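The exercises below are meant for someone who is opening this structure without having seen it before. Each one sets a task and then works through a solution step by step.

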Amino acid sequence: MTSTGPVDTDVAIIGAGPAGLAAAIALREAGVAGVTVLEREAVAGGIPRHCHHTGYGIRDLHRFMSGPRYAQRYVARATAAGARVLTSTMVTGWTADGGMWLTSPTGRRELHASAVLLATGARERPRTARMVPGDRGAGVFTTGQLQQSVYLFGQPVGTRALVVGAEHVSYSAVMTLRHAGVDVVGMVTDRPHHQSYAAFALATRVALRVPLHTDTRVVEVQGRPRVTGVVVEDIRTGHRRTIACDTVVFTGDWIPDHELARARGLVMDPGTLGPAVDADAATEIDGLFAAGNVCHPVETADVAALSGRAAGHAIAGWLADRRRAARRAGVPIEVDESFAWVHPQRASTTADLPRNKIILRPRVFASSAPVRVMQADRCLWEGQVRHLVPTRPASIPTGWLARVDPAGTPVRIESATRGTHQ
Amino acid sequence: MTFAVPPATDAEPYDVAVIGAGVVGCAVARELSIRGARTVLIEARSDIGDATSKANTAILHTGFDAKPGTLESRLVARGYTLLSAYAARAGIPVEVPGALLIAWDQEQLDELPVLAARAEANGYRRTRQIGADELYAREPHLGPGALGALEVPDEGIICPWTTSLAFATEAVRHGAALRLESPVTGVSIGDDVTVVETATGPVATRLVVNAAGLGSDLVHAMVGLEGFTITPRRGELIVFDKLARTMVNHVLLPVPTKMGKGVLVAPTVYGNIMLGPTSENLDDRTATGSSEDGLAFLRSHGRRIMPDLLAEEATTIYAGLRAASEHDDYQISVHPQLRYACAGGIRSTGLTSSLAIAEYLAESMTEALGLSLKPMVHPDADPQPPRMPNIGEATLRPYADAARVAADPAYGEIVCFCERTTLGEIRDALHSDVPPRTVEGLRRRTRATMGRCQGFFCGAKIRQLLTAPDSSTMAPTARNNEGTK
Ligand SMILES: Cc1cc2nc3c(=O)[nH]c(=O)nc-3n(C[C@H](O)[C@H](O)[C@H](O)COP(=O)(O)OP(=O)(O)OC[C@H]3O[C@@H](n4cnc5c(N)ncnc54)[C@H](O)[C@@H]3O)c2cc1C
Ligand SMILES: Cc1cc2nc3c(=O)[nH]c(=O)nc-3n(C[C@H](O)[C@H](O)[C@H](O)COP(=O)(O)OP(=O)(O)OC[C@H]3O[C@@H](n4cnc5c(N)ncnc54)[C@H](O)[C@@H]3O)c2cc1C
């Protein structure tokens, strides 16, 4: 149980991004009466609020729309479904009896719920957390800050920018910079290839003439009071040079917003750094669930929304029949060195088969690789997985979960791939 | 706003011009203005406390390990007492976790009694040696191999930013003029009046105090004196995420060496853990960047002291420059013919000793320079120091204060999520006696943007509030604006 005393709402959802809102809709559709979504921003919708490019909604809403429209649609649907969405309301911690501390302009108070869903999302690692030395001049951004500066406030950014990273979000940063009239002098990645769609990479390199420097790491930021350049190193040769720029955007390299999860005493998965869950989004604390990018940093918004929707269904099931669900330990799911992490991290015997796939995060680039799911000597599933790219999802089907021996040893996902290691 | 820029040339000379608004200059300006001197505080940068005073390890030192007999030893001990009392009254965040000075080998273990004896010589009698068992019981995350420690129960941690700001605020409230963005370029000493040349015009004054930190030898030369040269000694630090806070219970010190106090692990009053500083002599007085080597050095030390700490995320990295000189002591002197006093070369303990330096200088200036000052009334009786907004974790922050949020909803509107800074606090800072001019200045007053996301969520919003504050939400409310009166 999350709260031991009387409750104010059936389900409290922390975070009104795609995952939290999709969960709220699913819960209301399943007939759960009290669904409260707590959002610390003044406007609900999560990260898509400030992603003014198109590319949202493909897998969940089956259309193609801009981030802000996508966010608005989810907020409208959640409200229409009867969920209470409280904005400017931050959950700052847990009360001794498992309730939540809230701060909002309407007051500082406690909230108690039968079930709690953590849908707090993920953020990009800033320069300092990456421990990039050098001067502390102005002009250093993450994509999140850059997009808010440009799209929400119309603030000036700079004139010549270097983008650190070459994953999806990095290309999104390039588009934002171009929109703001900033020259993008290059992109750097410490990996041997970009990690986005070939079409994005090609268009950026050829049509926008933004060079991509692979196998290149950032070693120093120079300049104060304003950035004047970034020293980069070719990892293969050790050769260093300075790229002149007045702006540098650190993109991707995600870290889940796991503060509340850790404060509650949950064990973090060493790969995702987010809470470990089973296919029903359940954490090891009964009644406490987690979904969206806090669990898998990061997937696209539609995948986060589907993760939230599945969690909503699972929580509704848990509320309907708590006794059945209460006794579940689950068999750990582990990965070999070909993968950085897997989501979910536990196979629970009582979990319904998830609608979602098992998400894997490759460590290697490979066009196709054989993957096996083993429990001790028993092979639960075997198949080819295509398009392994670090920072991007690879997925395998879920049918084998039914074959997991609940009393057995941990399940291990293995690949004998010979991809490019990085 | 009570903050006013004085006219470029003042008809009547000031009694004292203090050059440099670091923690020392702010403390001196506070002391002199409270005691009735017409004071101007001249600073090169756009904010007070913006040089070494903002980038240190923020330890409130007992002075147990100072070199006995030096002025530094005396002023650190006295400063500790004065600042502890002042901080309590002004609401400057302070915690006293105590320090454990850890011996990692036999040689260091043998050194502990020597350090205990030195503490006695410095007038500090509360050290106690503890064995490895007690040490690990008190610091379970400590790396393996420690043999024992010297406990210094009174070592504290303090908020360096609020300290300088409280002094400057009190000085301004007692009529001191604050002249920012005014680097001093020359000093001409006339018969009665000295003219201090600054980038924003000359300032006429009777006396001059040099509190220019890294520039103190240059200002010393401007009045025609020599005697010391500043060598910037860089100290780099890594600040770890608040999720690491529970790992560390004390200030964990190494056995000091010739180059300094060595690499420590300490909590901060904001609830983080810091690792550092390095110690490296440089030529460039502005080289406050961090370096690859420095960070590698810190990580290797950190791994030894507390391996678990290194598994946590770093929130920030920074570096400060100690104003070291060729002498083993502060460079404090008074020169009657020049109507000039110097408080330079205050290298690694100046935050702690700031109030004592100010007290000492005021006495010397009364005696040697004929400055007439009112007595500083007894600390418990003098006018209340400003009550500073609390940005420390040890006492209730506005976002968690139900009564305060109920009285003014702006304290319930969290703007910086990582640090839980509210709109009310930002508004108060912008309307305070010494308001910030930059995002960095706002950060030092409110903690906004200094957390783990470094502005991913609120950076753009904060910049907006600073440059274009919406008058309806940001207007000061008399009721709750306790920091500004
Ligand atoms: C720059 C950028 C570009 C992107 N482009 C695309 C794209 O083109 N297409 C696409 O599909 N995806 C894109 N994404 C990814 C997409 O935005 C995310 O996958 C999606 O937002 C994740 O949803 P979520 O609900 O898990 O988390 P989030 O959207 O991050 O939502 C989490 C919410 O929780 C709130 N919260 C956190 N902690 C608390 C607390 N303690 N109290 C109250 N509230 C809290 C946060 O304020 C936030 O609103 C992009 C992401 C970024 C950063
Ligand atoms: C890494 C490190 C760790 C430290 N740890 C501690 C600690 O734990 N505890 C402690 O008590 N002390 C510590 N210190 C020491 C402490 O920070 C300093 O002693 C103190 O900040 C010195 O204050 P100041 O006012 O003399 O110098 P500063 O803060 O440098 O102020 C001098 C001011 O003078 C201005 N200035 C210079 N030249 C001119 C000019 N020509 N015209 C106008 N203005 C000028 C500068 O801009 C600056 O603002 C540490 C220092 C470092 C570097």
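The exercises that follow concern a predicted model, and they treat chain A, the two ligands and a few backbone details in turn.

**Exercise 1. Describe the overall build of chain A, and decide how its radius of gyration fits the rule for a compact globule.**

Solution. Begin with the secondary structure, where chain A holds 9 helices and 29 strands. Next take the extent of the chain along its principal axes, where the C-alpha atoms fill a box of roughly 65 × 60 × 40 Å. Finally, compare the radius of gyration with the rule: a compact globule of 422 residues would have a value near 22 Å, and because chain A has 22 Å, the two agree.

**Exercise 2. Work out where ligand 1 sits in chain A, and which residues and elements surround it.**

Solution. Step one is to look at the surroundings, which consist of 36 residues, with A:Ala19, A:Glu39, A:Asn293, A:Glu299 and A:Ala301 as the closest. By kind, this shell divides into 17 nonpolar, 14 polar and 5 charged residues.

Step two is to look for polar contacts, for which a pair of N or O atoms must lie within 3.5 Å. An oxygen atom of ligand 1 is 2.6 Å from a polar backbone atom of A:Glu299, and an oxygen atom of the ligand is 2.8 Å from a polar backbone atom of A:Asn293. A side chain takes part as well, since an N or O atom in that of A:Tyr56 is 3.1 Å from a nitrogen atom of ligand 1.

Step three is to ask how far the ligand is covered: on its own ligand 1 has 1,000 Å² of accessible area, and the protein covers 94% of it. The elements that give two or more residues to the shell include helix 1 (18–29), strand 3 (54–56) and helix 5 (168–179) of chain A, while helix 8 gives the most, with 3 residues.

Step four places the ligand among the domains. Domain 1 (1–123 + 254–328) and domain 2 (126–252) of chain A both give residues to the shell, and therefore ligand 1 lies between them.

**Exercise 3. Carry out the corresponding analysis for ligand 2 and chain B.**

Solution. Start again with the neighbours: of the 36 residues around ligand 2, those that come nearest are B:Glu43, B:Ser53, B:Thr57, B:Ile346 and B:Thr352. The shell is made up of 18 nonpolar, 14 polar and 4 charged residues.

Then turn to the backbone. A nitrogen atom of ligand 2 is 3.2 Å from a polar backbone atom of B:Ala44, whereas an oxygen atom of the ligand lies 3.1 Å from a backbone N or O atom of B:Thr349. Taken alone ligand 2 exposes 1,000 Å², of which the protein buries 94%. Helix 1 (23–34), strand 18 (314–324) and helix 9 (350–369) of chain B are the elements that give two or more residues to this shell.

Last, consider the domains, since the shell draws at least three residues from each of domain 1 (1–94 + 158–230 + 325–388) and domain 2 (95–157 + 231–324) of chain B.

**Exercise 4. Find where the cis peptide bonds before A:Pro225 and B:Pro277 are placed.**

Solution. In chain A, the bond from A:Arg224 to A:Pro225 is cis, with omega near 5 degrees, and A:Pro225 is found in the loop between strand 15 (216–222) and strand 16 (229–234). In chain B, the bond from B:Gly276 to B:Pro277 is cis, with omega near -5 degrees, and B:Pro277 is found in the loop between strand 16 (273–276) and strand 17 (280–281).

Definitions and conventions:
Residues are numbered from 1 along each chain as its sequence is written. Chains are lettered from A and ligands numbered from 1 in the order in which they are written. This is a predicted model: local features need pLDDT of at least 70, side-chain atom pairs count only at pLDDT 80 or more; totals for chains, interfaces and linings use all residues. Side-chain values use heavy atoms; hydrogens and water are left out. A residue is near a molecule or strand if one of its heavy atoms lies within 4 Å of it. A polar contact is a pair of N or O atoms within 3.5 Å; within protein, one must be able to donate a hydrogen and the other to accept it, and residues adjacent in sequence count only if both atoms are side-chain atoms. Accessible areas come from the Shrake-Rupley method with a 1.4 Å probe; for residues, only the protein chains shown count as cover. Helices (H or I, at least four residues) and strands (E, at least two) are DSSP runs, numbered from the N terminus. Ala, Val, Leu, Ile, Met, Phe, Trp, Tyr, Cys and Pro count as nonpolar, Asp, Glu, Lys and Arg as charged, and the others, Gly among them, as polar. Domain bounds come from an automatic or database domain assignment. The radius of gyration is taken over C-alpha atoms; the globule rule is 2.2 Å times the number of residues to the power 0.38.
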